[in-house]
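Let's take a walk through this chain together, beginning with the overall layout and then stopping at a few residues along the way. Keep the viewer open as you read.

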Amino acid sequence: MKKLIGCLIMLSISATVQAASIVSAYWWEEGQTVTEGALCHARAEVSGFAVGTSFRFDIYENDAVNDEYVTTKYGAVFMDSGKYYAGVDWTSVWQDDGVGDPEFCFKVSNGSYERWSRQDVVVLKAPDTTPPGVPSLSSPASGANTSDNTVSLDWSDVSDNSGGTGLGGY
């Protein structure tokens, strides 16, 4: 009869579980002023989230009393130089907040994790580059001959209806 000899092998595995968190949230352009239509980059450094995990970025126009919701963008976690980030690109807009140029902030979130951006990006209104209409000569008639050496020229009125800066911008 054969005897069975049992072996007990103990295997010890240790793992470090890193708590998930949003370390920081910021505009790549933070503290800067951009012109409407410029591409801005909202970023969040994250920890404990896998590459590809989706994050929500809610963008607000920042007012002293109330932050006005603008839009929501979604971005995924990526790794850069050993750190993990989530980010989105947003094309800046100008909106009249009644007290100068608008400032924008954002809230980044994933489930119960959230963080507000630490500084704003200020958006300036793009300059009006559309010229007013072209005036036409009202009198004397085009091509008219005169012996009067004190001719007064009269041109048709034109206006700048583009809602921009007016003639001062040309």
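The chain contains zero helices and 11 strands, so its pattern along the sequence is written β-β-β-β-β-β-β-β-β-β-β. Please bear in mind that this is a predicted model. Of the 170 residues in the chain, 27% count as buried. The exposed area comes to about 11,700 Å², and carbon and sulfur atoms supply 52% of it. Among contacts between residues at least 6 apart in sequence, 58% join residues at least 24 apart. Several of the stops below will show you residue pairs that are separated along the chain but meet in space.

A good place to begin is strand 1, residues 21–27. Five of the seven residues of strand 1 are buried, which makes the strand mostly covered. Strand 1 runs antiparallel to strand 3 (residues 39–47), and six bridges join the two. To find the register, look for Ser21, which stands opposite Ser47 in strand 3.

Strand 1 also carries Trp27, which leads us to the aromatic residues. How many aromatic pairs does the count come to? The count is nine. One to look at is the pair of Trp27 and Phe106, which is edge-to-face, with 5.1 Å from centre to centre and 85° between the planes. This pair links distant parts of the chain, as Trp27 belongs to strand 1 and Phe106 to strand 7, 79 residues apart. Trp27 and Phe106 are both buried. They are also members of one aromatic cluster, formed by Trp27, Phe57, Trp90, Phe104 and Phe106.

Two members of that cluster, Phe57 and Trp90, turn up again around Thr71. You will find Thr71 in strand 5, residues 68–80. Beyond its neighbours within four places in sequence, Thr71 is in contact with Phe57, Asp58, Ile59 and Trp90. Thr71 and Phe57 are 14 residues apart along the chain, and their C-alpha atoms are separated by 8.4 Å. With a relative accessibility of 23%, Thr71 counts as partly exposed, because buried requires a value under 20%.

Now follow strand 7, which spans residues 103–110 and includes Lys107. Glu103 is also in strand 7. Leaving aside neighbours within four places in sequence, Glu103 contacts Tyr60, Glu61, Asn62, Asp97, Asp120, Val121 and Val122. Glu103 and Tyr60 are 43 residues apart in sequence, while their C-alpha atoms are 8.5 Å apart in space. Glu103 has 23% relative accessibility and is therefore partly exposed.

Further along, strand 7 pairs with strand 8 (residues 113–116) in the antiparallel sense, over four bridges. Here Ser109 stands opposite Glu114 in strand 8. The hairpin of strand 7 and strand 8 has two residues between the strands, and Gly111 takes a positive phi near 60° there.

Is Lys107 buried or exposed? Its relative accessible area is 17%, so Lys107 counts as buried. Apart from neighbours within four places in sequence, the contacts of Lys107 are Arg56, Phe57, Asp58, Tyr60, Glu114, Arg115 and Trp116. The side chains of Lys107 and Glu114 meet in a salt bridge, at 3.9 Å from N to O. On the other side of that bridge, Glu114 is partly exposed at 48% relative accessibility.

That salt bridge belongs to a total of three. Another joins the side chains of Arg43 and Asp89, at 3.8 Å from N to O. It links distant parts of the chain, with Arg43 in strand 3 and Asp89 in strand 6 (residues 83–91), 46 residues apart. Arg43 counts as buried at 16% relative accessibility, whereas Asp89 is partly exposed at 36%. Asp58 and Arg56 also form a salt bridge, their closest N and O atoms being 2.8 Å apart. Asp58 is buried at 5% relative accessibility, and Arg56 is partly exposed at 35%.

Our last stop is on the surface. Leu137, Val151, Leu153 and Trp155 form a nonpolar patch there, with about 370 Å² of accessible area together. Within the patch, Val151 sits in the loop between strand 10 (137–139) and strand 11 (154–155). The relative accessible area of Val151 is 37%, so this residue is partly exposed.

Terms used: Residues numbered from 1 in each chain as written. Predicted model: local features only at pLDDT ≥ 70, side-chain atom pairs only at ≥ 80, totals over all residues. Heavy atoms only, no water. Buried < 20%, exposed > 50% of the residue type's maximum accessible area, 1.4 Å probe, protein only. Pairing = 2+ DSSP bridges. Contact = heavy atoms within 4.5 Å. Patch = residues over 30% accessible without salt bridge, like charges linked within 9 Å, V, L, I, M, F, W, Y side chains within 5 Å. Areas by Shrake-Rupley, 256 points an atom, 1.4 Å probe, with all protein chains shown as cover. Salt bridge = Lys/Arg side-chain N within 4 Å of Asp/Glu carboxyl O. Phe/Tyr/Trp six-rings, centres within 6.5 Å; stacked < 30°, edge-to-face > 60°.
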